[in-house]
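Reader: I am a first-year student, and I would like a close look at one part of this protein. Please take me through the sheets and what packs against them.

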Amino acid sequence: MARLKKSFANVVAACVVALHLVLLPALYYGLGYVVRKSHENLFIEHARIFARVLADEFELGVALESESRTEDLLDLAIVHGDGRYAELTDGARSVRSKLGSPNIKAPRRTDLTFAQGGDEIYFVVLPIIHAGRNAELRLGFDEQPTLERIHLALNRMLVVLAVYFGVAMVIAVILSHRLSRPIHRLQDVSRSIASGDYAQALQITTGIRELHELAADLENMRRELVGVNDRLQAKIKEKEISEIQREELQKQLRHRQRLETVGTLAGGIAHEFNNVLVPIILFTEMALQDLPASSVSRSDLERVLAAAQRAKDVVKKILTFSRELGDVSLALIDLRTVIADSLNLFSALAPPSIEIRTEIGDAIAPVRADATLAVHLVINLCTNAYQAMQGTQGVLTIGLRNHGIPPAAGETARVEFWVSDTGHGMDPRTAERIFEPFFTTRSVGVGTGLGLSVVHGIVESFGANIVVETEPGKGSTFRIFFPAVLREDRSVESTAPVV
C-alpha cells in the first residue's frame, strides 16, 4: 500500500480552498446583480418621481404662462435632479434649459430600462394639460453617477470577499491544526502504550463527538487489556479490609469471652463465699441473741456481723456482674422517670465543682427493664463519671433520645442513654478491661472495682448493649442502647406479662 503523505490539516485546508473557489465567484455575481438592480431601481424611481412632481407643478401652477418661469423650473431639473436634458414643448413653441447638454436629442417616449440606448441618459416624457393647452415635458437624467456608484459597490464587495477569503483561509488553517491536535494526542499516547507505558490514559479534550467516542472506546479497550493489575490490587485491598474487620470481630469476641469467663469464675467464687458467709452471719446472729446486752464480746460480734453483711453486698455485686441474679422482673418503664429519680439521689452525692447537664429528648419510647436496677445503673455511671474528674471542675452530661424511630428497613428501634464526663479519659488498653470485676485505676482503698462490672451485668440482663467512647485527656462517654418497645409491640405483649 502506498504511503499516505497528506495530513489531516492539509486535507482540511485544501477542502476549504476548493469550497471557497466555487462559492465566492457565485456569491460575487449574485450580490453584484442584487446591488446593480437595487441602484437602478432607486435611480428610475427617483427620476420618475422628480419628473412627476415637476409635471404637476406645470399643470397646477402658472409656469406655462411665463417663459421665464418655465425656464426656471427646467433649470431646477438640471441642478437638483441630476438632469442633463430638460425641455417643454407646447405646440409649435419649445422651451429648453440652457444648463443641459446642447447636443442631446430627446426621444418622444420614456425609457423602459436603465441604460437603454447606451447614451448614459434616462429619458422621461410626460404629457401636461393646463387650461386647455396640451404640452409635453421631456427630461433626461444622468445615469453616470449611478453607474459609478454601482462600480464602486462592486469593487468594495470584491475587496470584502477577498479579505473574507484570506481570513477564512487563516481560520481554516488554525482550526485544522486544532482539530488535528486530539488525533496527534491519541497517536502519541498509543505509541507510548505500544512501547510499554501502560499507565498512559487515552483521554483527549475535544468537542467532536466522534473523536471523543473513539478515545473512550480506545480507553475502555486499554483498561480491559492492562487493567488486570488494578483489579487484583482492589481484590487484595478488599481482602486486607476483610482481614482487619475479621480481626476486630475476633478481638471483640475474645473480649466478650474473657468477660464471660471472668463472670463465670466470679460467680463460682461468689457462691463459695456466700456458702461461707451464710453460717457466719447465722451463728453470729444466734450468738448475739444469746449474749446479754452488757457483754463485752457483743460489740466484737456486731463488727463481725457488719463485716459479713458488707461481704454479702460484695458477693451480690459479683453475682450482678455474672448475671446470676435469679429471675429479674422486667417491665415497661419510662427512662425519663428513672433518670429523674437517679438525679435526685445523685445530686446529694455530687460535689459542687461538678456541673450536671441533661439532654433529654421528647416522646421517648418505653423499654423493658427493672426500675430498681435501672436506678442503680444510672447512679453507678454518674459516680464513675464524677470520680473520673478527680474533684476538679467539670461537666457531667446525662442524655436520652430515640435512635432509629421509626425504624428504617433492616434497622432496630432503640433508645440511647448516655453519660459523659470531661475527666482524664482512658487509653485503649484500660478501656478493654474496665468491665472486669475488681479492675480499677484508683489507688488502694478507693473503690472496689465492681462499679462498671455491675453496670455491665445490669445492661446484659436488660438485653441492652453498652459502648464506651474515650480518649486520654478528653473525657469518656458511656452509651447504652436499649431495645425500644413500640406501640405495636406493646399491643402484642399486653396479653402476657414479661418476666
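Author: What follows is a walk through two sheets and their surroundings.

Keep in mind that this is a predicted model. Start with the five-stranded sheet. It is open, and its strands come in the order β6-β8-β9-β11-β10. The pairing is mixed. In general, strands of a sheet pair through backbone hydrogen bonds, and the sense can be parallel or antiparallel.

Look at the edges next. They are β6, residues 354-360, and β10. Each has a single partner strand, so one side of each is left without a neighbour in the sheet. From one strand to the next, the twist averages 15°.

Now take the pairs at the two ends. β6 pairs with β8, residues 394-403, in the parallel sense. Seven bridges join β6 and β8. One point to find on screen is Ile354, whose bridge partner in β8 is Gly394.

At the other end, β10 covers residues 465-470 and β11 covers residues 476-483. These two strands are antiparallel, with six bridges between them. Find Asn465, and you will see Phe481 of β11 as its bridge partner. β10 and β11 form a hairpin with five residues between the strands. Within this hairpin, Gly473 takes a positive phi near 85°.

What lies across this sheet? Helix α7 does, over β6, β8, β9 (414-420) and β11. The helix runs at about 165° to β8.

α7 also leads us to a cavity. The structure holds one cavity of 30 Å³ or more. About 40 Å³ of space lies in the largest cavity. Its lining is made of Leu335, Val338, Ile339, Ala374, Leu377, Val378, Leu400, Phe417 and Phe482. Two helices, α7 (335-346) and α8 (371-388), each supply at least two residues of that lining. Which classes do the lining residues of the largest cavity belong to? Nine are nonpolar, none is polar and none is charged.

Now move to the four-stranded sheet. It is open too, with the order β2-β1-β4-β3 and antiparallel pairing. Its edge strands are β2 (93-96) and β3 (121-130), and each pairs on one side only. Here the twist averages 15° from one strand to the next.

Follow β3 to its partner, β4, at residues 133-142. The two pair in the antiparallel sense over 10 bridges. Ile121 stands opposite Asp142 in β4.

Two helices accompany this sheet. Helix α1, residues 8-60, packs on the sheet and touches β1 (83-90), β3 and β4. The direction of α1 makes about 25° with that of β3. Helix α2, residues 67-80, lies across β1, β2 and β4. It runs at about 150° to β1.

Finish with the rings. A pair of aromatic rings is described by the distance of the centres and the angle of the planes. A search of the whole structure finds seven aromatic pairs. One of them joins Tyr85 and Phe123. Why does this pair count as edge-to-face? The ring centres are 6.0 Å apart and the planes are at 70°, so the pair is edge-to-face. The cut-off for that label is over 60 degrees. Now place the two residues. Tyr85 lies in strand β1 and Phe123 in strand β3, so the pair ties together parts that are 38 residues apart in sequence.

Conventions:
Residues are numbered from 1 along each chain as its sequence is written. This is a predicted model: local features need pLDDT of at least 70, side-chain atom pairs count only at pLDDT 80 or more; totals for chains, interfaces and linings use all residues. Side-chain values use heavy atoms; hydrogens and water are left out. Two strands pair if DSSP finds at least two bridges between them. Axes are lines fitted to C-alpha atoms, for helices over the stretch in contact, and angles run from 0 to 180 degrees between N-to-C directions. Contact means heavy atoms within 4.5 Å. On a 1 Å grid over the protein atoms alone, a cavity is a set of points where a 1.4 Å probe fits but cannot get out, and a pocket is an open set with protein on both sides within 12 Å along at least five of seven lines; lining residues have an atom within 4 Å of a point. Grid points are joined across faces, edges and corners, and a volume is the space filled by probe spheres set on the points. Ala, Val, Leu, Ile, Met, Phe, Trp, Tyr, Cys and Pro count as nonpolar, Asp, Glu, Lys and Arg as charged, and the others, Gly among them, as polar. Rings of Phe, Tyr and Trp (its six-membered ring) pair if their centres lie within 6.5 Å; planes under 30 degrees apart count as stacked, over 60 as edge-to-face and the rest as tilted.
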